[in-house]
Amino acid sequence: MRWFLNAERPRPTTSKGDHREQFERDYDRAVFSSPVKRLQDKAQVFPLEPHDSVRTRLTHSLEVSSVARGLVRKVCTDFLGAKLRAGQDRHIEAIAATCGLIHDLGNPPFGHSGEDAIREWFKRTFKADELHGMLDGREELVQDFLQFEGNAQTLRIVAKLQVLADFHGLNLTCGALSALCKYTASSVEAGNGGDHGKSKPGYFTSEADLVGNIREKTGTGHARNPITFLVEAADDIVYSVADIEDGVKKRILSWGQLQQLLEQGSEAAAPAVKEVLAWKAEILKPSSTPDDLPHDIHAAAFRTASISLLVREASAAFRHHYDAIMAGEYKGELVATGPAAPFVKLLKTIGRAHIYATHSNLKLELLGRKVIQDLMSLFWQGARELPPDGTIKAKQFPGKLQALLSDAYRKVFQHFAKERADLPLDYHRLLLVTDYVCGMTDSFAKRLHSELTNG
């Protein structure tokens, strides 16, 4: 069984004398890349957070990477080992760790509300059918923007925007790129009922040829890569628990309030809650006075116990659905099945009701929405007149805005405007604006907005 572990890269490379496996090189390339570094100033839940122990998008991604690697190790240890050839477990772990680290690179500033702001900007800025006229009436190009999705942007970043030697981005292996594709639908295919993997766009038209090549090389066809299910489970496990832990750290909830919410949750979640709280008590047992410990210590122990339980259940769910997953027939999510599913649902309900909707967070999300949409409007004024060769006339007003666009992204625009001349020039221009704003950190976006608008 090859487990879709194709180590080829879009651009062939040599690695003489390198002790690392190809998939381990992917992880190292990601660690040292600029997009990963920028995650340290992007919000996980709380934008522009001054509390230095509250998670950023970088710490969240590191945790997802760690849990993904551990989940793969458990799956391999529990039942998969006998099905693998020597060394394949190491390959799968490396791919899962890499995808966990880079899974959120495409998220714009100010968290998931930034995605909403970009979609809204396109709907508000262009009149009915205006985008169709600009984009040669091609519905798939229009929907790339109206259904903008951070996961699709992630693939674009690692495949094209992070320029190293050429325009193949980080030039990751086909195996890693395949597992990174959380969703398998194009922007016009997304939303098909009953298939979670097609619920959102997984790639833009600009990367459709690449996706086709990856599918051919790995043999997945239009199905999700099996490793994708494990990385997705790791992400769901981490954010459902860790976001609540951060809420306790920020004193939005006390530990006592959180425990009460857990114990008053649904009857279906009660067995998992009871087990997690007992496990938490065991973790804190060395303390002679556990009740006197700070609230964040209780929350940390709760997080440790919860992740342990959820990793166990995700591994069991993967085993249960293994045949359907490998056949490309499983349409669900690992954390949404099995005995722990009501517990995860309870955690997410607590997060929505008590963590995400605080007044301070809502104010920052509204600020972020204005910042993103104002910057999109400003830079579109420059990009809509940018010629395909990228020539800037800085003495003119649009040229001044063009000059402020990222040099690297303008080079990508120039390269693909020529290489993909089959796509309308305005499509490349809109990608350029979206690429630039998405790549900004929270602080940079806020500062640039203030400088350009005196806001």
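This tour moves through the structure one selection at a time and says what is found at each stop. The model is predicted, and the residue numbers used below run from 1 along the chain.

**The segment before H1**

Begin by selecting serine 15, which lies in the segment before helix H1 (22–31). With a relative accessible area of 25%, serine 15 is partly exposed. Now add Gln22 and Arg25, the residues that serine 15 touches once those up to four places away in sequence are set aside. If you draw a distance between the C-alpha atoms of serine 15 and arginine 25, which are ten residues apart along the chain, it should come to 9.6 Å.

**Serine 61 in H3**

Move next to helix H3 (residues 57–80) and pick out serine 61 within it. Is serine 61 buried or exposed? Its relative accessibility is 0%, so serine 61 counts as buried. To see what surrounds this residue, show Leu39, Gly100, Leu101, His103 and Asp104, which are in contact with serine 61 when its neighbours within four places in sequence are left aside.

**H7 and what covers it**

Select helix H7 (residues 139–146), where six of the eight residues are buried, so that the helix is largely enclosed by the rest of the structure. The buried residues to highlight in H7 are Leu141, Val142, Gln143, Asp144, Phe145 and Leu146. Then display helix H5 (112–125), helix H6 (130–134) and helix H20 (425–438), which are included in what covers those buried residues.

**Two loop residues with positive phi**

While H5 and H6 are on screen, select aspartate 129 in the loop between these two helices. Aspartate 129 has a phi near 70 degrees, which is a positive value in a residue other than glycine. At 60% relative accessibility, this aspartate counts as exposed.

Continue to asparagine 171, in the loop between helix H8 (150–161) and helix H9 (174–180). Asparagine 171 also has a positive phi, near 50 degrees, and is likewise a residue other than glycine. Its surroundings can be judged from its accessibility: asparagine 171 is buried, with a relative accessible area of 1%.

**H11 against H14**

Now show helix H11 (residues 226–249) together with helix H14 (residues 295–320), whose axes are 9 Å apart and which pack at an angle of about 160 degrees. An angle over 145 degrees counts as roughly antiparallel, and H11 and H14 are therefore roughly antiparallel to each other. The crossing in which H11 passes H14 is right-handed. On the H11 side, the residues that make the contact include Leu230, Ala233, Ile237 and Val241, while those on the H14 side include Ala299, Phe302, Arg303, Ile307 and Leu310. Colouring the contact of H11 with H14 by class gives 14 nonpolar, three polar and four charged residues.

**The largest nonpolar core**

With H11 still selected, widen the view to the largest nonpolar core, which has 128 residues and in which Leu262 and Phe343 have the most contacts. Which helix gives the largest share of this core? That share, twelve residues, comes from H11. Centre the view on leucine 262 and show Val273, Leu277, Phe302, Phe343, Leu346, Leu347 and Ile350, with which leucine 262 is in contact when its neighbours within four places in sequence are left aside. Phe302, among these partners, is also among the residues of H14 that make the contact with H11.

**H17 against H20**

Bring back H20 and add helix H17 (residues 359–383); the axes of these two helices come within 9 Å and cross at roughly 140 degrees. That angle makes H17 oblique to H20, and the crossing is right-handed. Residues of H17 including Ile372, Leu375, Phe379 and Trp380 meet residues of H20 including Leu430, Val433, Tyr436 and Val437. By class, this contact of H17 with H20 has eleven nonpolar, one polar and two charged residues.

**Tyrosine 436**

End on tyrosine 436, which is in helix H20 and counts as buried at 10% relative accessibility. Not counting residues up to four places away in sequence, tyrosine 436 touches Phe379, Leu404, Leu405, Ser406, Tyr409, Phe444 and Leu448. As a last distance, go from tyrosine 436 to alanine 208, 228 residues apart in sequence and 21 Å apart in space, C-alpha to C-alpha.

Notes: This is a predicted model: local features need pLDDT of at least 70, side-chain atom pairs count only at pLDDT 80 or more; totals for chains, interfaces and linings use all residues. Side-chain values use heavy atoms; hydrogens and water are left out. Axes are lines fitted to C-alpha atoms, for helices over the stretch in contact, and angles run from 0 to 180 degrees between N-to-C directions. Helices (H or I, at least four residues) and strands (E, at least two) are DSSP runs, numbered from the N terminus. Angles under 35 degrees count as roughly parallel, over 145 as roughly antiparallel, 65 to 115 as roughly perpendicular and the rest as oblique. A crossing is left-handed if the near helix is turned anticlockwise from the far one by less than a right angle, and right-handed if clockwise. Contact means heavy atoms within 4.5 Å. Ala, Val, Leu, Ile, Met, Phe, Trp, Tyr, Cys and Pro count as nonpolar, Asp, Glu, Lys and Arg as charged, and the others, Gly among them, as polar. A nonpolar core is a set of buried Ala, Val, Leu, Ile, Met, Phe, Trp, Tyr and Cys residues joined through side-chain atoms within 4.5 Å. Buried means under 20% relative accessible area, exposed over 50%, partly exposed in between (1.4 Å probe, protein chains only).
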